Amino acid sequence: MYIRENLRWHIIWKLGWKSVAVFTVYSALVCLVYGPLNFHSVAIPWQPVATLGTAVAFYIGFKNNGSYDRFWEGRQLWGGVVNSSRTSAVQILEFVTSVVDAPGVDAPPASAEELTQRHRRMVYRQIAWCNALRIHLRRQPEQWDAAVAPFLEEEESEKLRQLANPPAQIVRQQAAELRRLREERGLLNDFQHVTMMNTLEVLYNLQGGCERIKNTPFPRQYAFFSMVFVYLFTALMPLGLVTEFAKMGPNHIWLTVPFSVLVSWVFSTIETVGHSSENPFENNMNDVSMTAICRSIEIDLRQMLGETEVPPKLEPVEDILY
């Protein structure tokens, strides 16, 4: 996610120089044909071009609103991931205590060492889920060893990485752990067990929302025709502008080039902005900063465990927070 208030000029140039070059050459060619070559039949009235421009502006505005809604929903879902991860960690630390509180379970109270191990394993599994969800959405299985494996036991990690949907299976492992805590160790009563299972259900809902955005592309009919209409408008605009500037004098037709390029660049940029927001989980410049969010979750949860040596928050790289 780009976090600087204003875009740097080299980014603007990188995104738009090709279209500006094409618009400049095309507009100059229209002026050459209309003026020096005296081929006036290429010109068209400005009124239909202006009408088309108004329609295109409405259309790409509608498309951009839809694209931004997808980005914002993705960010809201990851805000839920942050809050639910904190809730899950607090429940693990405060519910799983040495008190044996399950009727019918004959087990001794848990030692401090056992509780520490159980707390660490379950909280670390929650951190692993966040990172597994991130690499699952970004289709980056090669990052498993660095992002997920350190928070799981080796056997569990190797088993989970082979499955089709590792984050879903991590939540399943967490649910199995809760069942064992209630039935075998008596460290959870029925109310606590149900409460923590409800938190796992929230995690599944958040993951499902992210997968819905990831697996449902922006309707191609909107995206495709938005691009087509912008190209059509930018192709017709010099043909309409040249007649308007010709009314000011024969030498004024060359003003068509800068004005045509400017308006064409604005429309193509609006189209590009909408396109860049369609898929918020691709690890691009304007996407949800899931890596930084996962790091923040890791810091919070590990400090809840009492750890002091935690990694620092991620800093933006060239104004982009990944």
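## Close-ups of a predicted model

**View 1. Lysine 63 is tucked away as a buried residue, and glutamate 278 is buried too.** What you're looking at is a predicted model, not an experimental one. The side chains of these two residues, lysine 63 and glutamate 278, join in a salt bridge, with 3.5 Å from N to O. Now check where the partners sit along the chain: lysine 63 belongs to helix H2 (residues 46-95), while glutamate 278 is in the loop between H9 and H10. That's a gap of 215 residues, so this pair links distant parts of the chain. As a rule, side chains of opposite charge can pair when their charged atoms come close.

**View 2. Glutamate 73 and arginine 212 make another salt bridge, at 2.6 Å from N to O.** Here again the pair ties together distant parts of the chain, 139 residues apart. Glutamate 73 sits in helix H2, and arginine 212 sits in helix H7 (residues 190-215). Are these two side chains buried, exposed or something in between? Glutamate 73 counts as partly exposed because its relative accessible area is 27%. Arginine 212 is partly exposed as well, at 43%.

**View 3. Arginine 180 pairs with glutamate 177 in a salt bridge.** Their closest N and O atoms are 2.9 Å apart. Why is about one helical turn all that separates them? Because they are three residues apart in helix H6 (residues 166-183). Arginine 180 is partly exposed, since its relative accessibility is 30%. Glutamate 177, at just 3%, counts as buried.

**View 4. Zoom out a little, and arginine 180 and glutamate 177 turn out to belong to a network of salt bridges.** The other members are Glu114, Arg118, Arg121, Arg125, Glu153, Glu156 and Arg185. Across the model, the count comes to 23 salt bridges.

**View 5. Helix H1 (residues 9-34) has a bend of about 55°.** Where does H1 bend? Look for glycine 16. That glycine is also one of the buried residues of H1, along with Ile11, Phe23, Ser27, Val30, Cys31, Val33 and Tyr34. And what do these buried residues pack against? Their partners are helix H8 (220-246) and helix H9 (256-276).

**View 6. Arginine 139 and asparagine 283 each have a positive phi without being glycine.** For arginine 139, phi is near 55°. This arginine lies in the loop between helix H3 (112-138) and helix H4 (144-147). Its relative accessibility is 47%, so arginine 139 counts as partly exposed. For asparagine 283, phi is near 65°. You'll find this asparagine in the loop between H9 and helix H10 (290-304). With 25% relative accessibility, asparagine 283 is partly exposed too.

**View 7. An unreviewed UniProt entry lists residues 20-37, 43-62, 222-241 and 253-270 under "transmembrane region".** Two of these spans get a closer look here. Residues 43-62 are 85% helix and 0% strand, and their end C-alpha atoms are 30 Å apart. Residues 253-270 come out at 83% helix and 0% strand, with end C-alpha atoms 27 Å apart.

Key:
Residues are numbered from 1 along each chain as its sequence is written. This is a predicted model: local features need pLDDT of at least 70, side-chain atom pairs count only at pLDDT 80 or more; totals for chains, interfaces and linings use all residues. Side-chain values use heavy atoms; hydrogens and water are left out. The bend at a residue is the angle between axes fitted to the seven residues ending there and the seven starting there. Helices (H or I, at least four residues) and strands (E, at least two) are DSSP runs, numbered from the N terminus. Buried means under 20% relative accessible area, exposed over 50%, partly exposed in between (1.4 Å probe, protein chains only). Contact means heavy atoms within 4.5 Å. A salt bridge is a side-chain nitrogen of Lys or Arg within 4 Å of a carboxyl oxygen of Asp or Glu. UniProt positions are given in the numbering used here, feature names are shortened, and annotations may be inferred rather than shown by experiment.
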